[in-house]
Amino acid sequence: MLVRLGFPLGLLLLAALASLIIALGIGSAQLSPGQVWQVVLGHLGDIGQDEGNALARTMVLELRLPRALSAFAVGGLLAVAGALMQVLLRNPLADPYVLGLSGGASIGALAAMLGGLGGLAISGSAFGGALVSTLLVFGLVHGSGSWTPSRLLLTGVVVAAGWGAVITLMLALSPAERLPGMLYWLMGDLSYARAPWSPLLLLLATCVIVMPLGRSLNVLARGPQQAAALGVAVRPLEWCIYIVASLLTAAAVTTAGSIGFVGLVVPHMLRLLLGNDQRLILPACALAGGTLLMLADTLARTMIAPEQLPVGVITALLGVPTFLFLLYRSR
Amino acid sequence: MANKTANQTLFKHRGATGPALLLSRLILSLSMLSGVVSNAVLADDHSRCEMDDRSRKVCLYTPAQRIATLSPGATELTYAAGAGDQVVAVVSYSDYPPEAKDVVSVGSHTRIDLEALVGLAPDLVIGWVTGNPAEQLETLEALGMPVFYIEPRNFEGVASAIERLARLAGTESAGQAVADNFRLRMAELAAQYRDREPVRTFYQVWDEPLMSVNDAHLIGQVIEICGGVNVFGEQARLVPRIDDEAVLAANPEAIVAGGMGEENRHWLTHWEQYSNLTAVADDNLFFVPPSLIQRPTPRLMEGSQILCEKLDIARQRRERD
Amino acid sequence: MSRLVTQDLIINVPGRGDGTALNIAIEPGQVWGVLGPNGAGKTTLLHTLAGLNAPRSGQVLLGEQPLETLSRRQVAQMLGVVFQERLDGFPATVLETALIGRHPYLSPWQMEGADDYAQAEAALERLDVAHLRDRLVSTLSGGERQRVAMATVLTQAPSIWLADEPTNHLDLHHQSAVMALMAQQAAQGSTVMMCLHDLNLAARWCDHLLLLYPSGEACWGARDSMLVPSALERLYHQRLAVVEVEGAPVFVPIKE
């Protein structure tokens with residue numbers, strides 16, 4: 001059993017490390033592998049650095065490393081949130097944004113940008129907007145009495161559409177020079193992500209918390225009545241999933257804008273490859289989503305350097321053919 | 001590389017041991033997070049300090065030798081200040097002066113390739129308040145680079161920016177001359193044209209969506225010194241988005257447009273279908289090369305000259321009728 | 001070994017009157033059949049007894065304790081339900097499906113052990129679907145899926161079985177096999193209650209019957225006292241002819 005879990009997770013861990021190394025080694029500045037290795041060694045061994053290496057240090061430790069780790073965290077958070085959402089709504093087409101959360105976050109972030117506020121305020125605003133949206137959907141569904149996943153889905157979709165309209169309005173009314181920044185945020189952008197530790201910790205904590213719930217999630221996926229008959233406390237578990245998925249998505253969107261596609265496709269791909277045991281799928285999503293986004297971000301910042309692409313474009317361009325290939329092969 | 005460390009006002013690499021370095025970095029990060037970056041070096045005769053357009057004091061120990069300009073306007077202003085030889089990084093569309101095209105580009109003004117920029121080790125970064133991404137410039141400051149923000153909103157602002165950049169770059173004599181010349185020329189134009197018969201003018205910034213400017217915009221101020229009356233001057237937004245109907249209702253005497261490129265008149269031909277417009281009836285459809293009037297740079301003198309002359313033509317055509 | 005007792009139970013069928021209050025005691029070793037036409041509320045009754053639906057009034061006692069005071073996990077360790085309709089949301093293999101029957105007994109951090117796997121495999125064997133263990137459930141026929149569902153409950157090994165039309169989709173051979181399984185469970189001390197649409201299966205295999213009328217009326221008791229042709233004809237709105245085969249009555253619907 002442990003072998004069944006351990007082998008694929010081990011592979012994914014190796015893939016994650018490999019893509020971290022790639023992310024640290026590639027960039028607009030041409031650093032040789034030797035230089036990168038020296039920086040890593042120096043950082044770990046805490047040797048005093050000399051002048052010649054100062055630039056390499058800044059490049060690797062101040063720019064590439066935080067960005068790569070943020071990419072990993074955001075990718076993992078989105079993939080796990082997507083997997084949870086798919087179990088909650090019992091719908092393989094659900095993604096983390098389907099309940100309107102990214103819309104609320106976008107409104108918060110865009111409002112901060114319009115007000116000319118800086119990076120920290122934008123993140124805080126985004127998180128606030130995400131919370132408001134989550135509570136709104138929660139309140140609307142809870143208040144109406146009989147609660148089913150399809151009701152939750154419908155409410156969320158409508159709320160998301162509402163946020164979409166407000167966002168369009170904001171884009172239409174904003175001064176022209178602010179537009180590119182706003183659009184980049186909406187497309188998903190890691191170009192200034194510098195504080196990876198909180199999303200990483202959140203990802204780790206989530207995996208630890210969610211693992212014991214894994215089998216209950218497997219049972220829940222067979223239907224609420226079946227699950228209840230097998231001893232699962234269905235309603236509390238569903239609310240728990242909703243809150244956890246919302247928190248993960250809020251953290252991801254706050255760090256990097258609304259990056260699409262990762263939350264929908266990564267859980268799907270993994271299910272095609274690894275089956276449906278959530279105890280394997282959820283940590284696998286964390287690793288695979290993180291790896292995918294790290295690679296996508298590395299491409300986004302180097303493909304047409306010095307021009308920068310929004311990473312959401314790359315995830316779609318990479319993800320779609322891969323997914324189609326897997327779908328075709330699994331037939 | 002040696003110059004770079006000489007100008008690292010905040011982040012000093014040399015000689016610090018492990019824990020002290022860590023502590024100073026911690027204090028640095030905390031001060032960054034509080035959002036107030038004070039670059040002030042207290043009471044030091046050797047430092048050159050200037051106020052930027054965000055009312056922050058930016059100080060350097062020695063004249064900037066490696067300047068990064070993060071907008072096409074900033075590039076032009078820096079060259080105008082006489083510091084062209086010291087520019088090591090620009091962004092896309094920095095096409096004037098022609099020498100700027102040979103300088104390494106580090107992305108666009110909306111998304112900068114931070115790695116490329118850091119790799120060029122600039123000792124002064126010229127940012128644009130509303131146009132550059134705030135978070136990326138904050139990252140640069142966190143890495144210890146002095147960032148000087150400019151945002152000229154009027155003619156005096158343009159001249160002042162040139163002077164301040166010249167002082168930071170140590171090219172005071174060249175820059176001062178350009179700034180003074182600019183002030184003189186704009187005053188001359190104003191004296192010549194401002195008090196003439198007002199000409200109702202519509203300046204078209206873009207065609208889809210249709211955009212104009214209000215009186216607070218730099219171009220609006222140019223219209224004013226040329227003796228024009230901006231038909232959309234009272235609009236609340238700096239760059240209002242309007243439609244054809246609004247233009248028809250305002251019925252300007254003269255329509256001035258730029259166009260996508262430098263030689264493109266097709267925005268003006270769009271108006272010819274409305275034969276009732278005064279501007280169309282009198283054939284007052286004028287083209288002013290956009291880079292001469294839409295950038296807050298010394299070339300504004302040329303653009304203003306052209307605009308004033310065009311409005312004068314309209315004036316004469318009216319008197320002829 | 002548990003008994004299931006109802007006290008003045010009135011099930012909640014929306015839009016229908018209260019009907020008869022049910023006071024039934026389902027004892028270990030008994031095989032109960034619930035008979036009635038479509039829409040009489042058989043499934044609702046079963047779900048109410050399992051604690052999945054709230055009754056309109058009255059209560060259900062599971063082993064002397066009121067059902068609503070027990071946690072779902074406690075209930076699941078004592079009572080198993082074979083549903084009539086199943087969702088096929090996410091793909092799963094036959095073995096995985098049977099294995100989830102062990103869920104009520106495993107703590108959150110526990111993985112399924114060799115014992116659990118053995119139990120699941122034995123259950124699959126018993127229901128004659130062991131050869132399908134690695135197939136995806138969605139690729140199976142209706143009858144095979146039905147047997148997998150039974151295997152899941154067999155893995156759960158509850159002392160009370162509530163089965164909703166367990167012979168649906170099954171061919172004659174497997175129908176008999178499943179009914180024999182139910183009888184065997186009862187003989188080993190479990191309590192069994194099944195909803196059946198086939199009157200003759202009930203007549204052959206059950207020892208107690210509950211008749212549910214569409215109006216909400218109900219009567220129950222030992223099999224022989226319930227198998228009164230006039231009552232059955234009223235139940236099904238169908239004229240019946242009775243024949244005796246091997247000592248048991250067989251009812252045949254006849255044309256008017």
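Let me start with chains B and C, which share no contact at all in this predicted model; their closest C-alpha atoms lie 40 Å apart. There are two pairs of chains that touch, and of these the pair with the most contacts is A and B.

I'll take that A–B pair now. The contact draws 30 residues from chain A and 30 residues from chain B. On the side of chain A that touches chain B, the elements giving two or more residues are α3 (51–88), α5 (119–143) and α7 (179–187) of chain A, and the largest share, seven residues, is supplied by α3(A). If we sort that side of chain A by residue class, we find 13 nonpolar, nine polar and eight charged residues.

The contact between chains C and A takes 21 residues from chain C and 19 residues from chain A. On the chain C side, helix α2 (residues 72–78) of chain C gives the most, with three residues, and the class division there is 15 nonpolar, two polar and four charged.

Next, a helix pair inside chain A, involving α5(A), which I mentioned a moment ago as one of the elements on the side that touches chain B. Helix α4 (residues 101–114) of chain A packs against α5(A) at an angle of about 145 degrees, with the two axes 7 Å apart, and the crossing of α4(A) and α5(A) is right-handed. Among the residues of α4(A) that take part are G103(A), G104(A), I107(A), G108(A) and A112(A), and among those they meet in α5(A), taken as a group, are I122(A), S125(A), G128(A), G129(A) and V132(A). What does the contact of α4(A) with α5(A) look like by class? It has 12 nonpolar and eight polar residues, and no charged residues.

Turning to chain B, the domain assignment divides this chain into domain 1 (2–178) and domain 2 (194–320). The contact between these domains takes 12 residues from domain 1 of chain B and nine residues from domain 2 of chain B. On the domain 1 side, α3 (72–80) and α6 (155–169) of chain B each supply at least two residues, with the largest share, five residues, coming from α3(B). That side of domain 1 divides into eight nonpolar, two polar and two charged residues.

One residue of chain B deserves a closer look, namely P290(B), which is found in helix α12 (residues 290–293) of chain B. Is P290(B) buried or exposed? It falls in between: a residue needs 20 or more other C-beta atoms within 10 Å to be called buried, and P290(B) has 19, so it counts as partly exposed. Leaving aside residues up to four places away in sequence, P290(B) touches G258(B) and G259(B), while its C-alpha atom is separated by 8.1 Å from that of G303(B), 13 residues apart along the chain.

That brings me to chain C, whose secondary structure comes to nine helices and 12 strands. For 256 residues, a compact globule would have a radius of gyration near 18 Å, and because chain C has 18 Å, the two agree. Its C-alpha atoms fill a box of roughly 55 × 40 × 35 Å along the principal axes, and 41% of the 256 residues count as buried. Of the contacts in chain C with a separation of 6 or more, 68% are between residues 24 or more positions apart.

Within chain C, helix α1 (residues 42–50) has seven of its nine residues buried, and it is therefore largely enclosed by the rest of the structure. Those buried residues of α1(C) include K42(C), H47(C) and T48(C), as well as L45(C), L46(C) and L49(C). Immediately after α1(C) comes G51(C), whose phi is positive, near 85 degrees.

My last residue is P158(C), in the loop between α5 (142–156) and β7 (160–164) of chain C. With 22 other C-beta atoms within 10 Å, P158(C) is buried. Not counting residues up to four places away in sequence, P158(C) touches M78(C), L79(C), G80(C) and V153(C). M78(C) also lies within the residue range of α2(C), the helix that gives the most to the side of chain C that touches chain A. The C-alpha atoms of P158(C) and A76(C), which are 82 residues apart along the chain, are separated by 7.6 Å.

Technical notes:
Residues numbered from 1 in each chain as written. Chains lettered and ligands numbered in written order. Predicted model: local features only at pLDDT ≥ 70, side-chain atom pairs only at ≥ 80, totals over all residues. Helix = DSSP H or I, 4+ residues; strand = E, 2+ residues; numbered from the N terminus. Rg over C-alpha atoms; globule rule 2.2 N^0.38 Å. Buried ≥ 20, exposed ≤ 12 C-beta atoms within 10 Å, placed from the backbone. Contact = placed C-beta atoms within 7 Å. Nonpolar A, V, L, I, M, F, W, Y, C, P; charged D, E, K, R; others polar. Axes fitted to C-alpha atoms, helices over the stretch in contact; angles between N-to-C directions. Left-handed = near helix turned anticlockwise from the far one by under 90°. Domains from an automatic or database assignment.
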